[in-house]
Amino acid sequence: MRRSATDPTHHGAAPHPPGAARMDRTCWRGLALDHPAAWELARISGPNEPARLTFSDRRYHRLDVKWLQLTRKPNLDGMLDKHRRRTSKQTRTEIRDLPNPPDPWHGIVRDAPDGQVVHVARFFNDRRWLVEAVLIWPDTRDDALQRRVLESFEAEARDADPRLWQAMGLSITLDRQFGLHECRADVGRVTWEFQTSERRSPELTVERLAMPEHWLDGSLRDWLRGQKPEDHRLAREGLVHVNGHRGYELLSWAKVTPIASLRGYKRVRYEQAWQCPSEGRVYHIVLTQIRRQAELTLPGALEVRCCRDVPDVVTSAP
């Protein structure tokens, strides 16, 4: 992202004017944007799906974003004109050019029975990304808010390292070698899994768990011990401090195939857990790898942020 790591808005939305909607920042698969905090993620694309984010408030679908890589720069006006003709024929409504879209966006707008629908597109030359966004405005279109949202879009540099992942209440920075393998959003539990492309790749899981008052019966240490697979032997455990909070760590290992075991390999598992008192959430990190040494440390660039002022979200995973 163009913001520097020392910029206080790097991992959050840009400051908002008095009286304006509070903004949150989402960064997913290299694309970042600011949006009203009340626009919650309703859909997020998995690693093997076309890139897409969909936001909704409590009453309406509000923003849909899609992006894909092209081999050459598209004709945005021609693309939107084709969409205009097709949609006008289907809806029998007039579709106009969007007045004064922020450069380099191109856009069109049509009236709907209960508001307006805006379709915009732009091209990121460095990434060769075509980005399309559809904004739904119930009642009256908010030009100032629309401009704030569209001007906030940023494409991550091709060689950005580490990378920022921020959505669904989770915000992490991670070495670029780790690619997204799976993302899940169950009720009260958001889980992201990452892997590298190397042989016997380390596997990293980061989780954010809500409502511990309903499922954390004992201590957090006892809960973490209960996460250890039954076939794993405990190697060590102890206290750890993360983001100023007291947490716990646990290292364990298990046998692998007989041939790999004869070569000295074992499945090593390292995990941490802590509870953020300001969020009321439990964070859980698990790193596993098949290796000879019965020791494992988290990736050097990994940072899992908490104490963030983010709303509760209801999210649908792919």
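Q: Exposed means over 50% relative accessible area, buried under 20%, and partly exposed in between (1.4 Å probe, protein chains only). Why is arginine 92 called exposed?

A: The relative accessibility of arginine 92 is 76%, and the cut-off is over 50%, so arginine 92 counts as exposed. This is a predicted model, in which local features need pLDDT of at least 70, side-chain atom pairs count only at pLDDT 80 or more, and totals for chains, interfaces and linings use all residues. Residues are numbered from 1 along each chain as its sequence is written, and side-chain values use heavy atoms, with hydrogens and water left out.

Q: What makes the phi of arginine 92 worth noting?

A: Most residues other than glycine have a negative phi. Arginine 92 is not a glycine, yet its phi is positive, near 55°. The residue is placed in the loop between helix H1 (76-91) and strand E6; helices (H or I, at least four residues) and strands (E, at least two) are DSSP runs, numbered from the N terminus.

Q: Why is asparagine 100 called exposed, and where does this residue lie?

A: Asparagine 100 has 64% relative accessibility, and the cut-off is over 50%, so this residue counts as exposed. Its place is the loop between E6 and E7. Asparagine 100 also has a positive phi, about 55°, although it is not a glycine.

Q: What makes the peptide bonds before proline 104 and proline 162 notable?

A: Most peptide bonds are trans. The bond joining aspartate 103 and proline 104 is cis, with omega about 10°. Likewise, the bond from aspartate 161 to proline 162 is cis, with omega near 5°. Proline 104 is in the loop between strand E6 (95-97) and strand E7 (106-112), while proline 162 is in the loop between strand E10 (154-155) and strand E11 (163-167).

Q: How do you know that E13 and E14 pair?

A: Two strands pair if DSSP finds at least two bridges between them. Seven bridges join strand E13 (residues 179-186) to E14, so the condition is met. These two strands run antiparallel, and arginine 184 has threonine 191 in E14 as its bridge partner. Their hairpin has two residues between the strands, and glycine 188 takes a positive phi near 80° there.

Q: How do you know that E14 also pairs with E15?

A: E14 and strand E15 (residues 203-209) are joined by seven bridges, and at least two are required; therefore they pair. They too run antiparallel. Tryptophan 192 stands opposite valine 206 in E15.

Q: What makes E14 a mostly covered strand?

A: Strand E14 (residues 189-195) has seven residues, and five of them are buried. In the whole protein chain of 318 residues, buried residues make up 49%.

Q: How do you know which parts of the chain are called domains?

A: Domain bounds come from an automatic or database domain assignment. That assignment gives domain 1 (23-155) and domain 2 (179-298). Four residues from domain 1 and five residues from domain 2 take part in the contact between them, where contact means heavy atoms within 4.5 Å. The centres of the two domains, taken over C-alpha atoms, are 38 Å apart.

Q: What secondary structure does the protein chain have, and what box do its C-alpha atoms fill?

A: The secondary structure comes to five helices and 20 strands. The C-alpha atoms fill a box of roughly 70 × 45 × 40 Å along the principal axes.
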